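Here are my notes on the model you sent over. Have the structure open while you go through them.

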Amino acid sequence: MEQSPENLFSQIAQDNLVLNVFKHHSFRVMYLSTMLAKEVECYDEDMRISALLHDIGKMGLSSEILLKPSRLTDLEMTIVESHSHIGNTIVRKVLGKTRPAKFVRDHHENWDGTGYPRRLEGEEISLQGRIIRICDSFDTMTYDRRVYHKNNLSHQEAIHELRRCKWKQYDGDLVETFISLIEKNNLPEDWYDQYNKEALEEM
Ligand SMILES: [Fe+2]
Ligand SMILES: [Fe+2]
């Protein structure tokens, strides 16, 4: 079977709930990352693939761990955090693409060196990894919290949170560029439901 980034989700997912939750999260992160990457002039196919597949390493895990509403144990946390490495391996070995694999590996690194898996700091982290980091957090705060039985934050609340954590978790300049795009485009709170989801998946 021809390997396309899009069909990896259903090939790897352990159940339909995981497939459904993470496929839509991934498409939203791809859309937001595309917007930010175009603005800072680093958009290309590797950027698109890495944003789409940033969490592909989670797809082989069980929904009991991935969607657990309560706090994860240390062991469960270790398993979940391995998704940066697993995603890197999948993109490199299954798709044969080393450059986007590196961006996948970087998407949980923090600007201040407290992230994982390699505790990279600042510009040691690929620009694409820093872009996904911000868009991933924004999506989790505004769209995905209900999966974990929490209320979603409004865009304004999420923007406040991004600003609070800039130069700690996030590249502060990229945070400001991202916020200015959200505001300039007047992104509706339920933007993904308003768009034709299938059209987005074809992007
Ligand atoms: Fe992730
Ligand atoms: Fe994610």
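The points below take the metal sites, then the core, then the empty spaces and a few individual residues.

1. Before anything else: this is a predicted model. Please read every distance, angle and volume below as computed from that model.

2. Start with the iron ion (ligand 1). Its donors are Asp 55 through OD and three histidines through NE2, namely His 83, His 107 and His 108, at 2.2 Å. Along the chain these donor residues follow the spacing D-x27-H-x23-H-H. The pair Asp 55 and His 83 links distant parts of the chain: Asp 55 is in the loop between helix H3 (45-52) and helix H4 (63-66), while His 83 belongs to helix H6 (residues 83-94), 28 residues apart.

3. What about the geometry at the iron ion (ligand 1)? The four donor atoms subtend angles of 86 to 178 degrees, which makes the arrangement irregular. A tetrahedral label would need all angles between 85 and 135 degrees, and the 178 degrees found here falls outside that range. Bear in mind that water is not among the atoms, so sites may look incomplete.

4. Now the iron ion (ligand 2). Here the donors are His 25 (NE2), His 54 (NE2), Asp 55 (OD) and Asp 136 (OD), at 2.1 to 2.3 Å. This site is irregular too, with angles of 80 to 173 degrees among its four donor atoms. The sequence spacing of the donor residues reads H-x28-H-D-x80-D. His 25 comes from helix H2 and His 54 from the loop between H3 and H4, so this pair ties together parts that are 29 residues apart in sequence.

5. Which residue connects the two sites? Asp 55 does: it bridges the iron ion (ligand 1) and the iron ion (ligand 2), which lie 4.0 Å apart. Asp 55 is buried, with a relative accessible area of 2%. His 83 is buried as well, at 0%. On the side of the iron ion (ligand 2), His 25 and His 54 are both buried.

6. On to the packing. The largest nonpolar core counts 55 residues, and those with the most contacts inside it are Phe 22, Leu 32, Leu 53, Met 59, Ile 131, Leu 162 and Phe 178. Helix H2 (residues 16-39) gives the most to this core, with twelve residues. In soluble globular proteins, nonpolar side chains tend to be buried together.

7. Met 59 is a handy one to click on. Not counting residues up to four places away in sequence, Met 59 touches Phe 9, Ile 12, Ala 13, Gln 14, Val 18, Leu 19 and Phe 22.

8. Ile 132 is worth a look in helix H8. At 0% relative accessibility, Ile 132 counts as buried. Its contacts beyond four places in sequence include Val 29, Met 47, Ala 51 and Phe 103, along with His 54 and His 107. Those two histidines are donors to the iron ions: His 54 to ligand 2 and His 107 to ligand 1. Ile 132 and Leu 52 sit 80 residues apart in sequence, and 9.5 Å apart from C-alpha to C-alpha.

9. Helix H7 (residues 98-105) has Pro 100, Ala 101, Phe 103, Val 104 and Arg 105 buried. Among what covers these buried residues are H3, H6 and H8.

10. The largest pocket has a volume of about 1200 Å³. It is lined by 35 residues, and the closest to its centre are Lys 58, Met 77, Thr 140, Tyr 148 and Lys 150. H2, H4, helix H5 (74-81) and helix H8 (127-144) are the elements that give two or more residues to this lining. H8 gives the most, with six.

11. Is Lys 58 buried or exposed? Lys 58 is buried, with a relative accessible area of 12%, the cut-off for buried being under 20%. Lys 58 sits in the loop between H3 and H4. Leaving aside neighbours within four places in sequence, Lys 58 is in contact with Phe 22, Leu 66, Val 80 and His 83. That list takes in His 83, a donor to the iron ion (ligand 1).

12. Finally, how many cavities of 30 Å³ or more turn up? A search of the whole structure finds one. The largest cavity has a volume of about 40 Å³. Its lining includes Trp 111, Ile 125, Arg 130, Arg 133 and Tyr 170.

Definitions and conventions
Residues numbered from 1 in each chain as written. Chains lettered and ligands numbered in written order. Predicted model: local features only at pLDDT ≥ 70, side-chain atom pairs only at ≥ 80, totals over all residues. Heavy atoms only, no water. Core = buried A, V, L, I, M, F, W, Y, C linked by side-chain atoms within 4.5 Å. Buried < 20%, exposed > 50% of the residue type's maximum accessible area, 1.4 Å probe, protein only. Helix = DSSP H or I, 4+ residues; strand = E, 2+ residues; numbered from the N terminus. Contact = heavy atoms within 4.5 Å. Donors = N, O, S within 2.8 Å, 3.2 Å for Na, K, Ca; no water. Tetrahedral: all angles 85-135°; square planar, octahedral: opposite > 155°, others 65-115°. 1 Å grid on protein atoms, 1.4 Å probe; cavity = no way out; pocket = protein on both sides within 12 Å on 5 of 7 lines; lining within 4 Å. Points joined across faces, edges and corners; volume = space filled by probe spheres on them.
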